[in-house]
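Got your viewer open? Let's take a walk along some charged side chains, one selection at a time.

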Amino acid sequence: MDSEDLYAISTDWLKSLEDASSTRDVTSFVSHFHSDGWLRDFLCFSWNFRTLSCSEKICRFLSEVVDEKPRLEHSALRDFKLDDHTANAPSPFKLPGPQGIEGVQGAFTFTITKPAALGRGFFRLTQDADREWKALTLFTNMQDLVGHEESSADQHGLYEGRKTTWEEDVDAKFRAIEADPTVLIVGGGQTGLSSAAQLRRLGIRALVIEKNLRVGDSWRQRYPNLTLHTPAYQSSILYSPYPTTFPKYIPKGKLANFLDSYAVNQELCIWLSSSIASTPVYDSSSARWTVEVQHGDRKVFLNPKYLILATGSGSSRIPTWNGMDEFQGALYHSNFHKDTEQFRGKRVVVVGAGNASGDICQDFVAHGATEVTMVQRSATFVISSSTAEQTHFKSPFPDGTPIEELDFYKNSMPLAFLLQVTKLGGIQHIKMLDKELHDGLLKVGFNLTWELSPGSGEVGLLGFAVSRQASGTMLDIGCGKLIVEGRVKIKQGQDISHFDKDGITFKDGSKLSADVIVLATGNEPIMKTARALLGNEITEQLPPEVMGLDSEGEYNQIYRPSGHPGLWFASGGFLISRFYSKHLGLQILARELGLA
């Protein structure tokens, strides 16, 4: 299909869709979708994230009454223009899987009437039985509120009449934030920093409190050989691509230092060695929180309007077995793995078979442990880093394309639809690329899976990432080879019965003797951390989960209304926080302006 055809198909369909929107005709608007088409909407038709999975549900959603008007009429999208000067200009596409669905895709811009806002959309069109082009998926995304767009002006350069230095200006802003923060962000990791940077660009006062001594310590304090398992290009933080001299997979110390410099360069107001000292109280009459903060050696009371929990992936999950206190060797959770050299020549058992377990087993082998055994309690999804890079992390755009274009492209796809495509056979090609690795693992007794639960369908890395925050996965960067070669042994298929002074006994009566046992057993749910911070009264008003997917296929609670006024959650990897932090900022800004 040549470019003229691509543009003609895109232009005709988009013009017809705009006509339906301008006439407020819900039936006509929905007729531009396949009967099993998908609409993913971020803040254009409601102040939330919605995914509708068929024309009937789309019609029902757009017909719902808001301020005495159907949603389609209330929002009144208009001024549709093909976005033909970016990497997301019209192009052909083909979905993975045996069906090999092909069509035309592209981005467009539009205006939202109420609230007055700018939007950007993305369509994927395929032909129906009558060879008419209709939407397989449509993404509508609010970009900015008119008159309150992000500020990118240089306020500290050389300009006539300057009266303050950069340092004086930043200090004055920090003092204003500390005196009366509109938003209090709990957690100074990459999600908290991204949220603060976004809010600053929207002119909203945000104070970050971080329990550690330095920004980045949450990474510095993790196990020594940790690197990001995703390439640097896709793991950058909002507004700040990494230098081209950085390695493809960034070591944790280098990342920690970058986050530290990011906080300075983005002019973020952060209180270090600070944490919530008592249960926050929300006053519905004033719509403000009362939060007692332990700030160094003093206590401070703050009254923000909004509280954002950006506390990371949860506390260490430490199972309990009888006899653990009798074990005479070293026993600790993988989050506290530090100095492997002290265990040279020792026998090591690592309980768990995911990413942390794989990294830590490699670390022990590299530092001369006599014997390393991985205890696999349930099947693991394994994908090599080379295959993941080829199938999941490789950009469809030319080198140098802004990461924002890739983020928009990736987030334009409804997650539930992508999982559906994967289950229909999209995983087969990926499995073939890792066939040699998988065959070797199976041969030595390692149990593999591509399903979240038996019989639920093969979803691979995507399914585990969006549904379980990658729990139960091993993105292999070398441990797989050690397992195949027998340098890391596998104990699989038996539950642990108890510990004794020498090691672990399993329910079949078999034993593993050890000098060191590491529990690579993951982290507790984020909601458990929230309950510890907020108390039962508030958390009982919230949905039961943070992260994972809701019934429509959107992430539970993060960057969207939590169910309690003034309370927000920020969580997820770099791609999620980089894209979604803007939407969190827009929702808070809209509330400040009385629009939501």
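Start by selecting D19: is this residue buried, partly exposed or exposed? D19 is partly exposed, at 34% relative accessibility (buried means under 20% relative accessible area, exposed over 50%, partly exposed in between, with a 1.4 Å probe and protein chains only). Before you go on, note that this is a predicted model, where local features need pLDDT of at least 70 and side-chain atom pairs count only at pLDDT 80 or more, while totals for chains, interfaces and linings use all residues. Residues are numbered from 1 along each chain as its sequence is written, and side-chain values use heavy atoms, leaving out hydrogens and water.

Now add K15, which forms a salt bridge with D19, with the closest N and O atoms 2.9 Å apart (that is, a side-chain nitrogen of Lys or Arg within 4 Å of a carboxyl oxygen of Asp or Glu). The two sit four residues apart in helix α1 (residues 3-22), so about one helical turn separates them (helices are DSSP runs of H or I, at least four residues, numbered from the N terminus). K15 is partly exposed too, at 46%.

Next, jump to helix α3 (residues 55-63), where R60 and E56 are also four residues apart. Their salt bridge has its closest N and O atoms 3.0 Å apart. R60 is partly exposed at 48%, whereas E56 is exposed at 52%.

Then pick E64 and R71, a salt bridge at 2.9 Å, N to O. Here E64 is partly exposed at 30%, but R71 is buried at 14%.

Last stop: select D144, E150, R201 and K582, which are linked in a network of salt bridges. For the full hunt, the count comes to 34 salt bridges.
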